[in-house]
Amino acid sequence: MTERKKTIHDTEWDLLEVLWSKERATAREVAEALAEKRAWAVSTVKTLLDRMVQKDLVSARQVGNVWEYTPAVRAVDAQRSAWAELVDKAFGGSVAPALHFLAKDAQLSKKELAELRALLDAKDGKGKRHD
């Protein structure tokens, strides 16, 4: 069976970021962590988390009379999936134009450009450049 791609929506990213940082949390704890950014009611957070359980983005277990949530997807896997989705949608599935965009149009700092260059050189097997 082929695993279906899971699009992670903005609200889900917010919830996952809290869970990745805390490792596990109740809906109340997630709501409190997002209070300034989202100001959601605990019931809203619980509904969103329960939907994320159905999408296999989050796991839930009952502890006493509350539900505790943990991320079911690693941050790096979610980032990889989001990158692949962006490259597919915005660059026709080709990474080279995406990297060209990053290097030319994304207004990267000199440090970020140097890091990108070093990553590309390492990927290409050149190691450090000595210009």
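**Strands, core and two odd loop residues**

Reader: What is the bridge partner of Ala25 in E3?

Author: Tyr69 is the bridge partner of Ala25 in E3. Keep in mind that this is a predicted model.

Reader: How do you know that E1 and E3 pair?

Author: Count the bridges. Two strands pair if there are at least two bridges between them. E1 and E3 have two bridges, in the antiparallel sense, so they meet the cut-off of at least two.

Reader: And what makes E2 and E3 a pair?

Author: Six bridges join E2 to E3, residues 66–71, and the strands run antiparallel. The cut-off is at least two bridges, so E2 and E3 count as paired. You can look up some of the residues involved: Arg61 has Glu68 as its bridge partner in E3, and Val58 stands opposite Pro71 in E3. Between the two strands of this hairpin there are two residues, and Gly64 takes a positive phi near 65°.

Reader: Why are E1 and E2 called edge strands?

Author: The sheet is open, with three strands in the order E1-E3-E2. E1 (25–26) and E2 (58–63) each pair on one side only, and that is what an edge strand does here. H1, residues 10–22, lies across E1, E2 and E3, running at about 90° to E3.

Reader: What makes Val30 a contact of Leu15?

Author: Contact means heavy atoms within 4.5 Å. Val30 is in contact with Leu15, so the two have heavy atoms within that distance. Leaving aside neighbours within four places in sequence, Val30 also touches Val18, Leu19, Ala25, Val45 and Leu49.

Reader: How do you know that Val30 is buried, as a residue of the largest nonpolar core?

Author: Val30 is among the residues with the most contacts inside that core. A nonpolar core takes in buried residues, and buried means under 20% relative accessible area, so Val30 must be under that value. The core has 21 residues. H1, H2 (27–33) and H3 (42–54) each give two or more residues to the core, and H1 gives the most, with five.

Reader: Why is Gln107 called exposed?

Author: The relative accessible area of Gln107 is 75%. Exposed means over 50%, so Gln107 qualifies. Gln107 lies in the loop between H5 (95–105) and H6 (110–124).

Reader: What is the phi of Gln107 near?

Author: Phi is near 55° in Gln107, a positive value in a residue other than glycine. Asp56 is not a glycine either, and has a positive phi of about 65°. You'll find Asp56 in the loop between H3 and E2.

Conventions. Residues numbered from 1 in each chain as written. Predicted model: local features only at pLDDT ≥ 70, side-chain atom pairs only at ≥ 80, totals over all residues. Heavy atoms only, no water. Helix = DSSP H or I, 4+ residues; strand = E, 2+ residues; numbered from the N terminus. Axes fitted to C-alpha atoms, helices over the stretch in contact; angles between N-to-C directions. Core = buried A, V, L, I, M, F, W, Y, C linked by side-chain atoms within 4.5 Å. Buried < 20%, exposed > 50% of the residue type's maximum accessible area, 1.4 Å probe, protein only.
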